[in-house]
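Reader: Hello! I am new to this structure and would love a close look at how its charged side chains pair up. Could you take me through that part slowly, and then show me what else is worth finding?

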Amino acid sequence: MDAVDVSKSRDLDKLLLRHGNLVDPGFSPGPDLRDDIREYVKILVVGAGGLGCELLKDLALSGFRNLDVIDMDRIEVTNLNRQFLFRLEDVGKPKAEVAAKRVMERVSGVEIVPHFSRIEDKEIEFYNDFNIIALGLDSIEARKYINGVACGFLEYNDDDTPKSQTIKPMVDGGTEGFKGHARVIMPGVTPCFECTIWLFPPQVKFPLCTLAETPRNAAHCIEYAHLIKWDEVHKGKSFDPDVPEHMQWVYDEAIRRAELFGIPGVTYSLTQGVVKNIIPAIASTNAIISSACALETLKIVSGCSKTLTNYLAYNGGEGLYTKVTDFPRVNDCLVCGPGILIELDTSVTLSKFIEMLEEHPKLLLSKASVIHGNGNLYMQAPPVLEEMLRGNLSKPLYDLMGRVQKDTIHVSGTSLLNEQKQSFSTKLRVLFKGADGVADMDTAIGA
Amino acid sequence: MIGLFKVKEKQREQAQNATRGGASVKKQSAGELRLHKDISELNLPSSCTISFPNGKDDLMNFEVSIKPDDGYYQNGTFVFTFQVSPVYPHEAPKVKCKTKVYHPNIDLEGNVCLNILREDWKPVLNINTVIYGLFHLFTEPNSEDPLNHDAAAVLRDNPKLFETNVRRAMTGGYVGQTFFPRCI
Ligand SMILES: [Zn+2]
């Protein structure tokens, strides 16, 4: 069989075997590229729900051979209308496992490793193994977590440019009903999730007293049952939205409440929607957003075309509307920004370090509190914490940071920059002079 | 980026079983960093104290006790639990009153009706604002936003009786059918 002539995907070959006008400067078309994509590229798909199923299928059909998928959920009957990799007999099984198996059955040669696990339960290094992370999630919380992990791998050069080999690209998709978005996040280059957190409006929360006294619609009745009545009846037992009996109880109570106030419209699915903050998912929206994400992934990897810069909004509610926006980075973003480079001797104590921040021309930071991945190092207030942490002041910062040559640390306090007192917090890149970068565990523990 | 990925794969193979030079400790989330700043800048009235039951490294769960120095609730001690989510300040902290209290805006389960905890929360607000908001509930309980319907009605119609009821509850006793443990 001749690999160049016979390809599973003629259309893919058109992108990867021919030159073009809008390609990345490093693009080198040819069969080697196609083989390298199979051989060397490892992608993690986060989420195996509506979007995740689509993503997994799209990526497998786009010539990627090494895929992993992570999801903590099990298949429910209500998933079956759009999560097309699942069948009735799969109900109750882990989504990641069934999704991986189904795609492998249909797309020959693809290797998919499923992880039936919470994203927080994986070691950080697990995520570093992948070249690209594709997100098919429905929660801000999970996106923020993965964003933090991916940006955590990012390192900067001395001139504040990102080190290209430490950039962990993310492709993020999201849908809500007929609306959706696809975006490319290159930490250090394009805005990270945290830079543009305002894109997600805070969820509407009804005042508790309205729920208790003057409910006006079905959602008020449901939230009353969920937030107030549940605690009143189930002393100390917390509500779990994934337990059907709990949901049924809230629904029954909401109905009772609605009858009392003559309010129509409480249904079981509305109850689920309000309590879990779900907006009905539309299969076609998932398919469209996922295809955009898979294409961006292929573009990032191969350079066969310029990537999306950097956010695609899609609205298929009435007619069809799409718009691409080039959102700016927040340069002092605490998560993806470079922070300020500081070089220190390994002997500098925490209290000396805090003094140095006051003098530092880019900081002029007084009364600094300090936090590092290893823990809370120092706080100026409240007294109860200040007292607990005071002992750290006389210890060398090098020891407190786990005796590594370089790491990031966050400080906050009052800055006098621009001649005005202001509350200020920033990331610092601390580099220890003379440290060899290998942690000496014995002394670290002994310290 | 395929060229970069190939280089990385080679490095990865070589580096297998060798430890990494850089740090790969877990980093705090943006929410934890913001909370660290909020708490280090707390400026509480002397009648409020904060404590951290899980120690110095868990700031996401803490307790605030409020001891009002005037008004109906003078000299009572009221403890609130704060649960801060990783998406803070995108979401308000979850606050409950641990002390059973006879109060128009706090129900017997400890739910609190304070606008900035629900419909009026904005990410620019902080823990200090919330604690001052709670403090204010004790100096100015209001019958307009009732969570404890009976207490609100008494406050509105018969402030004298309300005062008596509050005293009785705080010193440990029954108001109507409900027993309130002593908190004074
Ligand atoms: Zn950022």
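Author: Let's begin with B:Lys56, which counts as partly exposed at 30% relative accessibility. That label fits because partly exposed covers the range between buried, under 20%, and exposed, over 50%. Please keep in mind that this is a predicted model. The partner of B:Lys56 is B:Asp57, and the closest N and O atoms of this salt bridge are 3.1 Å apart. B:Asp57 is partly exposed too, with a relative accessible area of 46%.

Now move over to chain A, where salt bridges with shared partners join A:Asp90, A:Lys93, A:Lys101, A:Arg102 and A:Glu105 into one network. One link to look for is the salt bridge between the side chains of A:Glu105 and A:Lys101, at 3.6 Å from N to O. Why are these two about one helical turn apart? A:Glu105 and A:Lys101 both sit in helix α4 of chain A, and they are 4 residues apart, so about one turn of that helix separates them. A:Glu105 is exposed, because its relative accessibility is 52%, whereas A:Lys101 is partly exposed, with 43%.

Another pair within one helix is waiting in α9 of chain A, residues 244-261. There A:Arg256 forms a salt bridge with A:Glu253, and 2.9 Å lies between their closest N and O atoms. These two residues are 3 apart in the sequence, which is again about one turn of the helix. Is A:Glu253 buried or exposed? A:Glu253 counts as buried, at 13% relative accessibility, while its partner A:Arg256 counts as exposed, at 52%. Over all chains, the count of salt bridges comes to 31.

As background, side chains of opposite charge can pair when their charged atoms come close.

For a contrast, try a spot made of nonpolar side chains. A:Val77, A:Leu88 and A:Val91 make a nonpolar surface patch of about 270 Å². A:Val77 lies in the loop between β2 (66-71) and α4 (95-106) of chain A, and A:Val77 is exposed because its relative accessible area is 52%.

Next, find the zinc ion. Which atoms coordinate the zinc ion? The SG atoms of A:Cys192, A:Cys195, A:Cys333 and A:Cys336 do so, at 2.3 Å. The arrangement is tetrahedral, because the 4 donor atoms subtend angles of 98 to 117° around the zinc ion. Along the sequence, the spacing of these donor residues reads C-x2-C-x137-C-x2-C. Two of the donors show how distant parts of the chain are linked: A:Cys195 belongs to the loop between β6 (179-185) and α7 (208-213) of chain A, and A:Cys336 to the loop between β8 (321-325) and β9 (340-345) of chain A, 141 residues apart. A:Cys195 is buried, with a relative accessible area of 6%, and A:Cys336 counts as buried as well, at 0%.

Finally, step back to see how chain A is divided. Domain 1 takes in 2-200 + 281-325, domain 2 covers 208-276 and domain 3 covers 340-433. Taken over C-alpha atoms, the centres of domain 1 and domain 3 of chain A are separated by 38 Å.

Definitions and conventions:
Residues are numbered from 1 along each chain as its sequence is written. Chains are lettered from A and ligands numbered from 1 in the order in which they are written. This is a predicted model: local features need pLDDT of at least 70, side-chain atom pairs count only at pLDDT 80 or more; totals for chains, interfaces and linings use all residues. Side-chain values use heavy atoms; hydrogens and water are left out. Patches are made of residues with over 30% relative accessible area and no salt bridge: like charges are joined within 9 Å, nonpolar side chains (Val, Leu, Ile, Met, Phe, Trp, Tyr) within 5 Å. Accessible areas come from the Shrake-Rupley method with a 1.4 Å probe; for residues, only the protein chains shown count as cover. A salt bridge is a side-chain nitrogen of Lys or Arg within 4 Å of a carboxyl oxygen of Asp or Glu. Buried means under 20% relative accessible area, exposed over 50%, partly exposed in between (1.4 Å probe, protein chains only). Donors are N, O and S atoms within 2.8 Å of the metal (3.2 Å for Na, K and Ca); water is not among the atoms, so sites may look incomplete. Four donors count as tetrahedral if all angles lie between 85 and 135 degrees; four count as square planar and six as octahedral if opposite donors are over 155 degrees apart and all others between 65 and 115; anything else is irregular. Domain bounds come from an automatic or database domain assignment.
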